[in-house]
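Biologist: Before I rely on the labels in your description, I would like to hear the reasoning behind each of them. Could we go through the model together?

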Amino acid sequence: MEHHPESSDASAEEHGIPSLPVRIVQVFVSPAKLFDALRHRPAWMGAVLTLIGVSIALQILTPVIVPEEILRRAAEARMADFVPAGTDPAVLEEQIDAAVSPGAFWVVGGAVLAALVPVSLIAGLLLIAFNVILGGEGSFKQLFSAGAHAMYIYTAGGIVSIGLMATGAETLTLTPGLFLPEMGGFIGRFLNGINIFSVWTCGVLGVAVSRFYPGRSVAAGTTYLLVLYLILVAALAMLAGLFAGLGG
């Protein structure tokens, strides 16, 4: 049986779960208070549906507020590291066209997948570490709910990127590489692949771990997710280097 602070129990019983807009604000400014409420009532459906709606809206609005030339440059930059030299220019142009102007099916389908897949993966990874391995008693529903709300931080990063594109900025993502001398090779790709909003998301989920698993610290959940995230970034940086080598 888990024992939680009496003040947290009383607060959850007295006030219940906040409305979705309040929860979205809380995930940025007071995540501990949010996850105390979600521990008792792990709501997720409204958060996920709203995430999907926001994603669809952003994909529809982006071509309206961002010049097509900038969208095409951004698509080319995303693909550059993973397109071997010698690729048929016509094929590459088709891929860029599809990225800049996806059809309705891909807009909706992509939004659904972008919401459900990362949240499910986060919940599963936390469950494996803190339930299966460490013997905790958090539920998948609690962790899924936490992930659904934490994803609003990552989504905020996407909105910042769209704003940068709308101003014509060449840098589309906030990364540690922006604040360091320019570096090439694996280190440069690695640093420029780290999204600061993703790191923030890992930190907020660390708070969720500390509220759902008594005795576990914020650092425990944050470090676990951050290490997995950096491994993924490193793998993508290595893969990009492999493609560059094939091109050379």
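Modeller: Let us begin with one helix pair, bearing in mind that this is a predicted model. Gly46, Ala47, Val48, Thr50, Leu51, Val54, Leu58, Thr62 and Ile65 of H4 are in contact with Phe144, Ala148, His149, Met151, Tyr152, Thr155, Ile159, Ile162, Met165 and Ala166 of H8. By class, this contact comprises 14 nonpolar, five polar and no charged residues.

Biologist: What makes H4 roughly parallel to H8?

Modeller: The two helices pack at an angle of about 10°, with their axes 10 Å apart. Angles under 35 degrees count as roughly parallel, and therefore H4 is called roughly parallel to H8.

Biologist: Why is H7 called oblique to H8?

Modeller: Helix H7, residues 104-133, and helix H8, residues 140-166, pack at an angle of about 130°, and their axes are 8 Å apart. Roughly perpendicular covers 65 to 115 degrees and roughly antiparallel begins over 145, with oblique as the class for the rest, so H7 is oblique to H8. The crossing of H7 and H8 is, in addition, right-handed.

Biologist: Which residues of H7 and H8 meet?

Modeller: From H7 they are Ala114, Leu116, Pro118, Val119, Ser120, Ala123, Gly124, Leu126 and Leu127, and from H8 they are Phe140, Leu143, Phe144, Gly147, Ala148 and Met151. The residues of this contact divide into twelve nonpolar, three polar and no charged. Phe144, Ala148 and Met151 of H8 also appear in the contact with H4.

Biologist: Turning to single residues, how do you know that Thr175 is buried?

Modeller: Thr175 has a relative accessible area of 4%, and buried means under 20%, so Thr175 is counted as buried. Thr175 lies in the loop between H8 and helix H9, the latter spanning 185-193. Not counting residues up to four places away in sequence, Thr175 touches Leu191, Asn192, Ile194 and Ile196.

Biologist: Why is Gln59 described as partly exposed?

Modeller: The relative accessibility of Gln59 is 31%, and the partly exposed class lies between the buried limit of 20% and the exposed limit of 50%, so Gln59 counts as partly exposed. Gln59 is found in helix H4, residues 45-65, and, apart from neighbours within four places in sequence, is in contact with Pro102, Val107 and Ala111.

Biologist: What makes Pro102 partly exposed?

Modeller: Pro102 has a relative accessible area of 33%, and a value between 20% and 50% is what the term requires, so Pro102 is partly exposed. Pro102 sits in the loop between helix H6 (89-100) and H7, where, neighbours within four places in sequence left aside, Pro102 contacts Gln59 and Val107.

Biologist: How far apart are Gln59 and Pro102, along the chain and between their C-alpha atoms?

Modeller: They are 43 residues apart along the chain, while their C-alpha atoms are separated by 8.9 Å.

Biologist: And what can be said of the protein chain as a whole, in helices, strands and buried residues?

Modeller: The protein chain has eleven helices and zero strands, and 36% of its 248 residues count as buried. Among the contacts with a separation of 6 or more, 72% come from residues 24 or more positions apart. The chain exposes about 13300 Å², with carbon and sulfur atoms supplying 69% of that area.

Technical notes: Residues are numbered from 1 along each chain as its sequence is written. This is a predicted model: local features need pLDDT of at least 70, side-chain atom pairs count only at pLDDT 80 or more; totals for chains, interfaces and linings use all residues. Side-chain values use heavy atoms; hydrogens and water are left out. Helices (H or I, at least four residues) and strands (E, at least two) are DSSP runs, numbered from the N terminus. Buried means under 20% relative accessible area, exposed over 50%, partly exposed in between (1.4 Å probe, protein chains only). Contact means heavy atoms within 4.5 Å. Accessible areas come from the Shrake-Rupley method with a 1.4 Å probe; for residues, only the protein chains shown count as cover. Axes are lines fitted to C-alpha atoms, for helices over the stretch in contact, and angles run from 0 to 180 degrees between N-to-C directions. A crossing is left-handed if the near helix is turned anticlockwise from the far one by less than a right angle, and right-handed if clockwise. Ala, Val, Leu, Ile, Met, Phe, Trp, Tyr, Cys and Pro count as nonpolar, Asp, Glu, Lys and Arg as charged, and the others, Gly among them, as polar.
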